Amino acid sequence: VAVEFDDDSLGHISVEAKVSEEKADIFVLSESNNKAVSDDLINSRLENVAVSLKEEMNIKDISKIITNSDSSITNRSSISIVIYYGNKKLLFLADNIASEALEDLSQEEMNYSLVKLPHHGSASNIDDCFIKNVETGIYLVSTNSEKYNHPDLETLAKIACKKTDYVKKIYFNYKVEKVVKFEQKIDKINNIEFIYLKKGQKIYL
């Protein structure tokens, strides 16, 4: 299975199955409820100030920052999917709330070959429960960071602080300045790696 970021600013992702005799099964998770009140995230207006403050904090403190859950009906109604191909299992969370998608998965469905983080790595869509319970060695972050300044450093810190006996790899389709700076904080953590994909580069599983 090959996973590739499409060449656009929207962070679209292509999944290519090379072995013709096997079929890739796709399971669509149930849509999240629409109880949320539509609202723009006020935190995005303060992001530049927040990033400056986080530069002075250590990773553990950043990982514990509490953020409000995404209240956008559009985001919370987006469709998450699981792709099964051979012995590979890929979780794509669209712009959904990760913990709500988690409710639609059984306890046997917590190990994945790859997880595409929801809403470009926004901390408003990802919580400690999801990071703790879902196991994967590969995370995807699809964003050029221009509009909403994603991914949030809280998300990266939560993944970095998760103790595993394997190396966690986070793939980015753009080299975002604040992510590169944050990467310097994880030099002493030996179970995580940031990888910046070049144009057309694929991830082989």
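The following legends describe close-up views of a predicted protein model.

**Figure 1. Overview of the predicted model and its confidence.** The protein has 205 residues, and 47% of them count as buried. Its secondary structure consists of 7 helices and 12 strands. Of the contacts between residues at least 6 apart in sequence, 70% join residues at least 24 apart. The accessible surface comes to about 11100 Å², and carbon and sulfur atoms account for 48% of it. The average pLDDT is 82, with 76% of the residues scoring at least 70. Over residues 31-45, however, the pLDDT is below 50, although this stretch has 19 contacts in the model beyond near neighbours in sequence. Where pLDDT is low, the predicted coordinates should not be read in detail.

**Figure 2. The largest nonpolar core of the protein, with 33 residues.** The members that touch the most other members are V115, F130, L156, I170, F172, F182 and F194. Several elements each give two or more residues to this core. The helices among them are α2, α4 (98-102), α5 (128-133), α6 (153-161) and α7 (177-183). The strands among them are β9 (138-141), β10 (168-172) and β11 (192-196). Helix α6 gives the most to the core, with 5 residues. In soluble globular proteins, nonpolar side chains tend to be buried together.

**Figure 3. I83 and a separate nonpolar core.** Apart from the largest core lies another core, of 11 residues, which includes V3, I83, L114 and Y171. I83 belongs to strand β4, which covers residues 81-85. Is I83 buried or exposed? I83 counts as buried because its relative accessibility is 9%, and the cut-off for buried is under 20%. The C-alpha atoms of I83 and L114 are 9.9 Å apart in space, while the two residues are 31 apart in sequence.

**Figure 4. S72 and S77, two serines in loops on either side of helix α3.** S72 is found in the loop between α2 (59-63) and α3 (73-76). With a relative accessible area of 14%, S72 is buried. The side chain of S72 reaches the backbone nitrogen of T74 at 3.3 Å. S77 lies in the loop between α3 and β4. This second serine, S77, is also buried, with a relative accessible area of 19%; that value falls just within the cut-off of under 20%. A polar atom of the S77 side chain lies 2.8 Å from the backbone oxygen of I73.

**Figure 5. S124 and its surroundings in the loop between β7 and α5.** The loop that holds S124 runs between strand β7 (114-116) and helix α5. S124 is buried, and its relative accessible area is 8%. Which backbone atom does the side chain of S124 reach at 3.0 Å? The side chain of S124 reaches the backbone oxygen of N68. S124 and S69 are 55 residues apart along the chain, yet their C-alpha atoms are separated by 4.5 Å.

**Figure 6. H119 and H120, two histidines with positive phi.** H119 has its place in the loop between β7 and α5, and H120 is likewise in the loop between β7 and α5. Phi of H119 is near 45 degrees, and phi of H120 is near 60 degrees. Most residues other than glycine have a negative phi, and most peptide bonds are trans. H119 counts as buried at 7% relative accessibility. H120 counts as buried at 18% relative accessibility.

**Figure 7. The cis peptide bond between H150 and P151.** The bond that joins H150 and P151 is cis, with omega about 0 degrees. P151 is found in the loop between β9 and α6. As a general background to this view, most peptide bonds are trans.

**Figure 8. C129 and C161, two partly exposed cysteines.** How many disulfides does the structure hold? The structure holds 0 disulfides. C129 has a relative accessible area of 39% and is partly exposed. C161 counts as partly exposed at 32% relative accessibility. Both values fall in the partly exposed range because they lie between the cut-offs of 20% for buried and 50% for exposed.

Definitions and conventions:
Residues numbered from 1 in each chain as written. Predicted model: local features only at pLDDT ≥ 70, side-chain atom pairs only at ≥ 80, totals over all residues. Heavy atoms only, no water. Helix = DSSP H or I, 4+ residues; strand = E, 2+ residues; numbered from the N terminus. Buried < 20%, exposed > 50% of the residue type's maximum accessible area, 1.4 Å probe, protein only. Contact = heavy atoms within 4.5 Å. Areas by Shrake-Rupley, 256 points an atom, 1.4 Å probe, with all protein chains shown as cover. pLDDT = per-residue confidence, 0-100. Polar contact = N/O pair within 3.5 Å; in protein donor to acceptor, adjacent residues only side chain to side chain. Disulfide = S-S within 2.5 Å. Core = buried A, V, L, I, M, F, W, Y, C linked by side-chain atoms within 4.5 Å.
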